[in-house]
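Me: I am new to this structure and would like to learn how to read its features one at a time. Could you take me through them, giving the general idea before the case at hand?

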Amino acid sequence: MLTLPESYLAYMEQTLNLDLRTPPFSRLKPFLPHIKYISDQLSKNALRGAFTERPYLNDPEYRRAYQLYYMTANLLKIYIPLNDIARSGFFHDKKHIRVLDIGSGTGTMILGLLAWLEQQNETAIQEISITATDHSGGALQELQRHLLQYRNLHIETLVHDLHATLHSEKKYDLVIAGNVLNELTEDSRKHLPKFLTGFLEPDGYVICIEPALKNTSRVLLECRDAWIADGGFVYSPCFTRKPCPALNHPDDWCHHDVPWNRPPFIEYIDESVGLIKKSLKFTYMVLSRTDKHILDYGGYQRDFDNSYRVVSELFNEKGRYRTFLCNDHGRILFEKNKRDDTLYNRGFNQIKRYDVIRLESRLELDSIRRITKETRVSAMD
């Protein structure tokens, strides 16, 4: 279960001049109206465009409210794609890593990356260079002041409107775009993957993270399809290079759901404002310019026929288990009758959303596939 690092909590307490670890949290009340307002603006399609077009993070009150709640709730999401990339040995081979963060805001993705790197004892990285871009100069200035305390880190900031062309001769090992699609026009969204990979080293990765809202998730899936059609590759989480099957039905989308130790002050804000962050829900993609996939590492073989990504929760119903799995065969409903439980298939009973499993021997029943007594179910670490 993911837990906020102590270094981040210390930074937040210093930045906001608050004690975030000791109840009561009534001193957070001045932040609540601003958090609620930001939530309303970002979650309603009719309001989002006008709100995101203006650099609202230049306003200190909105910036502090965003840091307190949204940065905290989004910080750990980048751990999942970083863990995926780490399987390839990518971080072991580099002493110097160059990072471009698009739409940095208050630095959520950057601080998440730095916190993740602090926890990795096996990396060879000795120096980090970061370029942070956003249309809010005030947010970038504050981020730069904070990052000065990190040793062996070089930070440059660039005030940049996402709708304008970004010119840079530099190439980066990681290009990160967190909660960016929300702020782009439809035309700009279509070209986002190609735009981002244009700054990428040949062996680098692009990380895209978006909210788990149906609309924003489906937009990222559409970008994924456009990227593949243009000759690009998806390293994770997808187990197919075919068009995303979640887009075949207008009510489907694909997202991860990760448990975390929700801090008590976030629980207080949730209950006060009517929000909920009991788990971390988001859609992500790791893109590459070269043909590599997460299954190529860790002793596994790339197999989009018998290996699956779990793309729903496991439904524990009377007499059966059901879940949706995804690979080259599409987004398919699998079920297992509890009376068919064996040592071979028992692993099916504990699978979670976004787990990777391998199935051997299964019975096809029209649109539903049955896990039989003979089906071998194995989970991949």
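Reply: Let us begin with charged pairs, bearing in mind that the model is predicted. Side chains of opposite charge can pair when their charged atoms come close. Here aspartate 230 forms a salt bridge with lysine 194, and the closest N and O atoms of the two are 3.8 Å apart. Aspartate 230 sits in the loop between α10 and β6 while lysine 194 belongs to helix α9, so the pair ties together parts that are 36 residues apart in sequence.

Me: Are the partners aspartate 230 and lysine 194 buried, exposed or partly exposed?

Reply: Aspartate 230 is partly exposed, with a relative accessible area of 44%, whereas lysine 194, at 55%, is exposed.

Me: Which other salt bridges should I look at?

Reply: The structure holds 26 salt bridges, and one of them joins glutamate 142 to arginine 63, with 3.2 Å between the closest N and O atoms. That pair links distant parts of the chain, since glutamate 142 is in helix α7 (residues 137-147) and arginine 63 is in helix α4, 79 residues apart. Both glutamate 142 and arginine 63 are buried. Another salt bridge brings together the side chains of lysine 352 and aspartate 355, at 3.7 Å from N to O; lysine 352 is exposed, with a relative accessible area of 52%, and aspartate 355 counts as partly exposed at 22%. Elsewhere, salt bridges that share partners join Lys94, Arg98, Asp173, Glu201 and Asp203 into one network.

Me: How should I read a helix such as α10, and what do its buried residues pack against?

Reply: An α-helix has 3.6 residues a turn, so residues three or four places apart point the same way. Helix α10 covers residues 214-229, and its 16 residues reach 23 Å from the first C-alpha to the last, close to the 22 Å expected at 1.5 Å a residue. Its buried residues include Val219, Leu220, Cys223 and Trp227, and the buried residues of α10 pack against α8 (186-190), α9 (192-197), β5 (200-211), β6 (233-236) and β8 (279-288). After α10 comes glycine 231, whose phi is positive, near 100°.

Me: How is empty space found, and how much of it lies in the largest pocket?

Reply: Rolling a probe the size of a water molecule over the atoms shows where empty space is left. In this model the largest pocket holds about 920 Å³ of space. It is lined by 37 residues, of which Tyr70, Asn74, Asn179, Pro211 and Lys277 are the closest to its centre. Helix α4 gives the most to that lining, with 4 residues, and the lining of the largest pocket divides into 16 nonpolar, 14 polar and 7 charged residues.

Me: Which residues lie nearest the centre of the second largest pocket?

Reply: The second largest pocket has about 620 Å³ of space, and of its 25 lining residues Ile80, His256, Arg309, Tyr354 and Asp355 lie nearest its centre. Aspartate 355 is also the salt-bridge partner of lysine 352.

Me: How many cavities of 30 Å³ or more does the structure hold?

Reply: There are 4 cavities of 30 Å³ or more. The largest cavity has a volume of about 180 Å³, and among its 18 lining residues the closest to the centre are Cys238, Cys244, Cys254, Val311 and Cys326. By class, that lining has 14 nonpolar, 1 polar and 3 charged residues.

Terms used
Residues are numbered from 1 along each chain as its sequence is written. This is a predicted model: local features need pLDDT of at least 70, side-chain atom pairs count only at pLDDT 80 or more; totals for chains, interfaces and linings use all residues. Side-chain values use heavy atoms; hydrogens and water are left out. Helices (H or I, at least four residues) and strands (E, at least two) are DSSP runs, numbered from the N terminus. The expected span of a helix is 1.5 Å times one less than its number of residues. Buried means under 20% relative accessible area, exposed over 50%, partly exposed in between (1.4 Å probe, protein chains only). Contact means heavy atoms within 4.5 Å. On a 1 Å grid over the protein atoms alone, a cavity is a set of points where a 1.4 Å probe fits but cannot get out, and a pocket is an open set with protein on both sides within 12 Å along at least five of seven lines; lining residues have an atom within 4 Å of a point. Grid points are joined across faces, edges and corners, and a volume is the space filled by probe spheres set on the points. Ala, Val, Leu, Ile, Met, Phe, Trp, Tyr, Cys and Pro count as nonpolar, Asp, Glu, Lys and Arg as charged, and the others, Gly among them, as polar. A salt bridge is a side-chain nitrogen of Lys or Arg within 4 Å of a carboxyl oxygen of Asp or Glu.
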